[in-house]
Amino acid sequence: MKIISWNVNGIRAVIKKGFVKFLQTEKPDVLCLQEIKISDSARNQEVFDFSGYQEFWHSAERPGYSGTMMLVKDGVKVFGEEKFPDDSEGRVQVLEFSKFYLVNVYFPNSNHELLRLDFKLKFNNRLQKFLKKLEEVKPIIICGDFNVAHEPIDLFHPKENEGSAGYTLEERTWMTKFLKAGFVDTFREMYPKKVQYSWWSYRMGARQRNIGWRIDYFCVSAKIVTNISRSFIMNQIFGSDHCPVGIELKK
């Protein structure tokens, strides 16, 4: 089973940049998207062609902001959906599959002046409690844009970015706590020393120079980490300031 996650920075924008071809070429069993930036009312007035896939949309109440979406291949059975409370920004989706819950998350950005750092930390802690409750029923796979580079290896300029949004001590400490609570960063588990990024600023030719950050993750309950046969970052795929990341599970 192949699951891919991608912050597309606008579903309309990425469709204009080859998204449907990507979907048809890669054929993931599940594709989790973040930052779709489309309201329910706007979506209902437009036509999207994701042939062969079941669509699960979760838009923010604020038009053109945030939002998540999941595409599940026809024939893959979804047993149900769980709702994350107080989610007006459309940040969390949960689908139940036969052997696990799949959680698609667009974590808040703490912003350049750290104006939303407190909001993000509260969100993170609420989410962790929610996930641990779900985990009492089935193992968890959580993916998405975490908006944090956990360790110095996860960004090109760690010293220069200390204290910056996405690399504050508070955000990194929470990520450490989250992993110690029983979740495994699949990419770092498989590649302890590999330098590969998933996000690049649009400024100063950062992507061409590979001055990036790894802020998109797949984390899983420790009890199923041995079921993960592959964890990968698709940095050759363009269309957004993020690239897709993914895992493959053994049957």
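**Close-ups of two sheets and their helices**

**View 1. Helix 4 on its sheet.** In this predicted model, helix 4 (residues 117-135) lies across strand 5, strand 6 (92-96), strand 7, strand 8, strand 9 and strand 12 (216-221). Against strand 8, helix 4 runs at about 155°.

**View 2. The sheet with strands 5 to 9 and 12.** Here's an open sheet of 6 strands, and its order reads 5-6-7-8-12-9. The pairing is mixed. Out at the edges sit strand 5 (80-82) and strand 9 (183-185), each pairing on one side only. From one strand to the next, the twist averages 20°.

**View 3. Strands 7 and 8 side by side.** Strand 7 (residues 101-106) goes parallel to strand 8 (residues 140-145), and 6 bridges pair the two. Look for Tyr106: its bridge partner in strand 8 is Asp145.

**View 4. The sheet with strands 1 to 4, 13 and 14.** This one is an open sheet of 6 strands too, with mixed pairing and the order 3-4-2-1-14-13. Strand 3 (53-58) and strand 13 (228-233) are the edge strands, so named here with a partner on one side only. Neighbouring strands of this sheet are turned by 15° against each other on average, direction ignored.

**View 5. Strands 1 and 2, with helix 2.** Strand 1 (residues 2-7) and strand 2 (residues 30-34) run parallel, joined by 5 bridges. Zoom in on Ile4 and you'll find Leu31 of strand 2 standing opposite. Helix 2 (residues 19-26) lies across strand 1, strand 2, strand 3 and strand 4 (68-73). Relative to strand 1, helix 2 runs at about 165°.

Conventions:
Residues are numbered from 1 along each chain as its sequence is written. This is a predicted model: local features need pLDDT of at least 70, side-chain atom pairs count only at pLDDT 80 or more; totals for chains, interfaces and linings use all residues. Side-chain values use heavy atoms; hydrogens and water are left out. Helices (H or I, at least four residues) and strands (E, at least two) are DSSP runs, numbered from the N terminus. Axes are lines fitted to C-alpha atoms, for helices over the stretch in contact, and angles run from 0 to 180 degrees between N-to-C directions. Contact means heavy atoms within 4.5 Å.
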